[in-house]
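Dear colleague,

Please find below the sequence and the structure that I am handing over to you. My notes on the findings follow directly after them.

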Amino acid sequence: SRLDYPMIDGVQKGCPHHILEPARANLLSYSNDFSNAAWSKGSNLLVQLNTEISPDGSLNATKFTNVAASSVFAFQLSIGSTSSVWTSSVFVKKGTNKYCGISIASLGITNSRYQPVFNLEDGTIQEINTSGTNITNASNSITQYPNGWYRVTISVTFVGGADQCYMVLQNTNNTDYNPVSGTLDWQNASLGNAYFYGAMLEQGSYPTSYIPTTSTIVTRSAETASGAGNSTTFNDSEGVLMAEISALANDGTFRAISLSSGSTTNRVLIYVNNTTNVLRPNVVGNGVVQMNTYVNVPDITNFNKVLIRYSLNNIAFWVNGYKLSEVLSATSMPIGLNELSFDNAGGGGERFFGKTKQLQYFNSALA
């Protein structure tokens, strides 16, 4: 597990939060060595390594320059042919070129692609270019980093398989590189440049933090947190479990933080539900469900303060200071509580992959 600092207007500031991410692999080799032959590049694209300070604070960003007008200025890497949910990302900084695009494409199978165009001056999505019919669940994002850098991201499902990942330098918002034909749709491209750092391709519906690679794929193991308390710490008869959390994505999966006996028959649990933007408190005592309700919030990827207070005949659930659910007939409290874990009752399932600003436990039912 790691500490991550919030990014506000492109600056890291404020108190850090604890971050847990699932196992992911960066499927792009030479993720920051764009001069390597693994990356196929247009003939008029000049590649200059180590010309700019990157987001990691080192002089290791690459400058790409289009050295001839009306040329294809894109670089790409083959990724095989797999039907999957793909997410691609790269850090980009404006040079003399204002726009860039990234694309995932299926050339040999379906002639399909998804390619948003990003504005590197104001951090907006300029336009979205698509072709083919085998694309579903497409989305994109642009996140501001310090010193003029942005991380641009796309996610897309290719039903028929994808086999190319492209990074595209664009000089105007309508200079559209078409990987299917290998040409620019608008052929009067002017000279220009931009800086790139840290390309990444993952199988998954949202981006995780950058994983550097060289000649081979690199996998980061799923992160865990353990060792929080024992049976002498927790009160079976009453208490409070509070967390300030945000999910990494609205991806339709269960994610849980639990106070339990190591089994689902005795637990106090905060669920990020598999339904979009739903939080779910769950209290089970000796196998009998005492509270199990569903609460809608505006956005589970934003931080929410959630709290369960449990005691006989008085269980309540708060979100951001508002009591949204209450049970005044609870007849059985959890017994044998001995662990606090970032999963569903200590078994390793439904792990909470997300961000945590604070996690608190009190051994009495506070007013």
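Val306 is in contact with Leu241, Met242, Ala243, Ile245, Ile270, Leu279, Phe317, Trp318 and Val319, leaving aside residues up to four places away in sequence. Please note that this is a predicted model.

Val306 also belongs to the largest nonpolar core, which has 32 residues. Those that touch the most other members are Ile245, Leu259, Leu279, Val306, Tyr310, Ile315 and Phe317. At least two residues of this core come from each of the strands β19, β20 (255-260), β21 (267-272), β22 (278-285), β25 (304-310) and β26 (315-319). Strand β19 supplies the largest share, namely four residues. There is also a second, separate core of 31 residues, with Leu28, Leu45, Leu77 and Leu201 among its members.

I then turned to the question of internal space. How many cavities of 30 Å³ or more does a search of the whole structure find? The search finds one, and the volume of the largest cavity is about 30 Å³. Its lining is made up of Ile245, Ser246, Ala247, Val272, Leu279, Ile300 and Asn304. Five of these lining residues are nonpolar and two are polar, while none is charged. Strand β19 (residues 239-247) gives the most to this lining, with three residues. Ile245 and Leu279 thus appear in the lining of the largest cavity and are also named among the residues of the largest core that touch the most other members.

Two further residues may be of interest to you. The first is Ser325, in strand β27 (residues 322-327). Ser325 has a relative accessible area of 12% and is therefore classed as buried, the limit being under 20%. Apart from neighbours within four places in sequence, Ser325 is in contact with Met291, Thr293, Ile315, Ala316 and Phe317. Thr293 is 32 residues away from Ser325 along the chain, and their C-alpha atoms are separated by 7.4 Å.

The second is Glu21, found in the loop between β4 (17-19) and β5 (24-26). Is Glu21 buried or exposed? With a relative accessible area of 4%, Glu21 is buried. Its side chain makes a polar contact of 2.6 Å with the side chain of Ser209. Not counting residues up to four places away in sequence, Glu21 touches Arg2, Thr208, Ser209, Arg220, Ser221, Ala222, Glu223, Leu248 and Phe353.

With kind regards

Terms used:
Residues numbered from 1 in each chain as written. Predicted model: local features only at pLDDT ≥ 70, side-chain atom pairs only at ≥ 80, totals over all residues. Heavy atoms only, no water. Buried < 20%, exposed > 50% of the residue type's maximum accessible area, 1.4 Å probe, protein only. Polar contact = N/O pair within 3.5 Å; in protein donor to acceptor, adjacent residues only side chain to side chain. Contact = heavy atoms within 4.5 Å. 1 Å grid on protein atoms, 1.4 Å probe; cavity = no way out; pocket = protein on both sides within 12 Å on 5 of 7 lines; lining within 4 Å. Points joined across faces, edges and corners; volume = space filled by probe spheres on them. Nonpolar A, V, L, I, M, F, W, Y, C, P; charged D, E, K, R; others polar. Core = buried A, V, L, I, M, F, W, Y, C linked by side-chain atoms within 4.5 Å.
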